[in-house]
Amino acid sequence: MTGHIVFDPLLPWVIIVALGALAIVGVVLALWRGLSGWALRLLAGVVLVGALAQPSYQIEDTAPLNDIVLMIVDESASQRLAERAGVTSEAAETLVATLEARPNTEVRRIPVGDGDGDAGTQLMTALSAALAEEPRGRIAGILLLSDGRLHDLERAPDLPAPLHLLLTGKDTDWDRRLIVRNAPAFAILGEEVELTLRIEDQGAAPGDLSSDILISVDGEPPQQFSVPVGQDLHLPITLPHGGMNVIQFTVPTAEGELTDRNNTALVQINGVRDRLRVLLVSGEPHAGGRTWRNLLKSDSSVDLVHFTILRPPEKQDGVPVDELSLIAFPTRELFLEKIEDFDLIIFDRYKRRGILPSIYLDNVRNYVEQGGAVLVAAGPDFASADSIYRSPLAEVLPAEPTARVVEEGFRPTVTDLGQRHPVTSGLTGPETWGRWLRQIEVEPRSGQTVMQGIDNRPLLVLDRVGEGRVALLASDHAWLWSRGYEGGGPQLELLRRLAHWMMKEPELEEEALWAEAAGQSLRVIRRTLAVEAAPITITHPDGTSHEITLSEVSPGRFEATYNGPEIGLYRLSDGDLSAVIGLGPAAPREFEETIASAEALTPLIETWRGGALRLEEGLPNIRNIRAGRPAAGRGWIGLTPRNASETLDVRQTPLLPSWLVLVLASLMIIGAWLREGRSA
């Protein structure tokens, strides 16, 4: 119980002071005039001014409150290395018991695990949340049991009491880690990208000058090299294929190092083409020729060489054949010397006229077998005696003309197989497509028919020949769609997909297996022309396997979601196809620095003159210290008692009741009047 005088003025203090000053002036004036009642006048003024201040005697009933000690216990991944978890848990239990045995002391134990995703250790976030829930006036101290490796120091709060760090780990700990810098998300096929690798030792390392490193691409058997420790290594890499390339770097685990979780680095680089080189050979000017040219020129990533036969040799006007083009066209250079430079060759309504000798076309056939791509857009010429089919190209073309040209309107449709093929799957329904007016009748010899026309005759046939790809479009009226005839159709999307499938873009492979990572989850995707997809075997980073079944989400596309239990490289296989995917960082942020250190927290600790002590040296003693005094020393840490209390009841008694003010003021005024009257 405590008591003290409080004031609750009836008027603002400025007015009360002014009235008091006025009373004093009156008393001084009475003295100057020699009035004998000046003392009584002064007492009357004091009573009246005091009444305006309304003083009261306040009595408070209070109860003391316990001091609060916050204990932040780091339970992140780095705290599970070596013996840290057991040491931390045992120390926390002992400290809680010691603190709770102290008088007027409560303990708030706050465990802190790994942050979401790869956020690392969020100690200051947890401390800020704990301080927000407790009265700052009761916090006597903060104990932090950790290895000192936190990743949110910028969120450190304003501390109300000393902070002490009790370090886990040992002085003899050491660790080796692999660092990869300058890893781009995308790289151009055929061009080198330079990665910077560094093997770095931390802590009480043995001082090795070199270490082995294993490099594996897409899960293939690794290659081993010896590299120096503590030096940057600049490694030039050329991506082997388009799409996602997964490169794994691994440093073998050294004897005595703290962990191997940071000995592996996964680099995932998407390989893209810089420029797609296309050769377009137009047999004669026609309405659809501009469609092909506009399609290819509209793509900034396409380098187009367009070869158009403006006047055929059979037109006898005395002009030599080699002077018929606007400029001398380098046919020999294109079809013999530099044909390998092209990603795609398109023959648009081309027929044999003697301009391209058979040796040139035979070289085109060889180009396809060696991995090139040829697209034939057939017109009436394909059914004639001069058809390009009557050339060495017949060996690679997937269909043979019957010499019949059907001149009637029809709507192209996608076959059942085409519904599953990435070139034609998902196109808008044929009921909204405009008609084409001509189709060349062909008999498929090989390949896959993905679109059909009049009486279900093959319209678009795709095939793989050797290492290359061939497509035959048995109509020259695709341009009607681009003109919007009878509503048009998806001509631009169809031809774009067709061109990119022929150039082996990974996203248009009809048989493909890949996965997409989102946090700790894998979305496994299988595209196939088969009706069903085989189960997928997922091999974890530790070598264990798990089999999952895929569900069809659209024709030819099967998917499943799988939650990976750990971070690292996962291998996927269905027996025929395989893929690899990195789930999360191979070396998480939590394992970038694993040696226990107080360096990061030192500025925060020094704000209240706290301390950083190692648990391997034993638990410190706990003392009470006054605010502003050193809060830690050799083998001890200090808490600041707050002596906080809770007010249970408040009572106020007026020192000048109204009746007493009235009586005293009246007596003083009357007394002064009587005294001064007698003196007169």
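In this predicted model, helices α5 (289-297) and α10 (491-502) each contribute at least two residues to the lining of the largest cavity. That lining is made up of 14 residues, and G288, W292, D476, A478 and W479 are the ones that lie nearest the centre of the cavity. The space inside amounts to about 80 Å³. Across the whole structure, the search returns 2 cavities of 30 Å³ or more. Such empty space is revealed by rolling a probe the size of a water molecule over the atoms.

Helix α3 offers a friendly exercise in checking geometry. Its 17 residues (84-100) should span 24 Å at 1.5 Å a residue, and the C-alpha atoms at its ends are indeed 24 Å apart, so expectation and model agree. The buried residues of α3 are R84, T88, A91, A92, L95, V96 and L99. Because these residues cover an arc of only 135 degrees around the axis, they sit on the same side of α3. An α-helix has 3.6 residues a turn, so residues three or four places apart point the same way. The cover over the buried residues of α3 includes strands β3 (67-74), β4 (105-112), β5 (139-146) and β6 (163-167), together with β34 and β36.

Strands β34 and β36 also appear in an open sheet of 3 strands, whose order is β34-β36-β35 and whose pairing is mixed. At the edges lie β34 (621-624) and β35 (632-633), each of which pairs on one side only. Strand β35 runs antiparallel to β36 (residues 636-639), and 2 bridges join them. Within β36, W636 is the bridge partner of G633. In general, strands of a sheet pair through backbone hydrogen bonds, either parallel or antiparallel.

How values were computed:
Residues are numbered from 1 along each chain as its sequence is written. This is a predicted model: local features need pLDDT of at least 70, side-chain atom pairs count only at pLDDT 80 or more; totals for chains, interfaces and linings use all residues. Side-chain values use heavy atoms; hydrogens and water are left out. Two strands pair if DSSP finds at least two bridges between them. Helices (H or I, at least four residues) and strands (E, at least two) are DSSP runs, numbered from the N terminus. The expected span of a helix is 1.5 Å times one less than its number of residues. Buried means under 20% relative accessible area, exposed over 50%, partly exposed in between (1.4 Å probe, protein chains only). The arc is that of the directions from the helix axis to the C-beta atoms. Contact means heavy atoms within 4.5 Å. On a 1 Å grid over the protein atoms alone, a cavity is a set of points where a 1.4 Å probe fits but cannot get out, and a pocket is an open set with protein on both sides within 12 Å along at least five of seven lines; lining residues have an atom within 4 Å of a point. Grid points are joined across faces, edges and corners, and a volume is the space filled by probe spheres set on the points.
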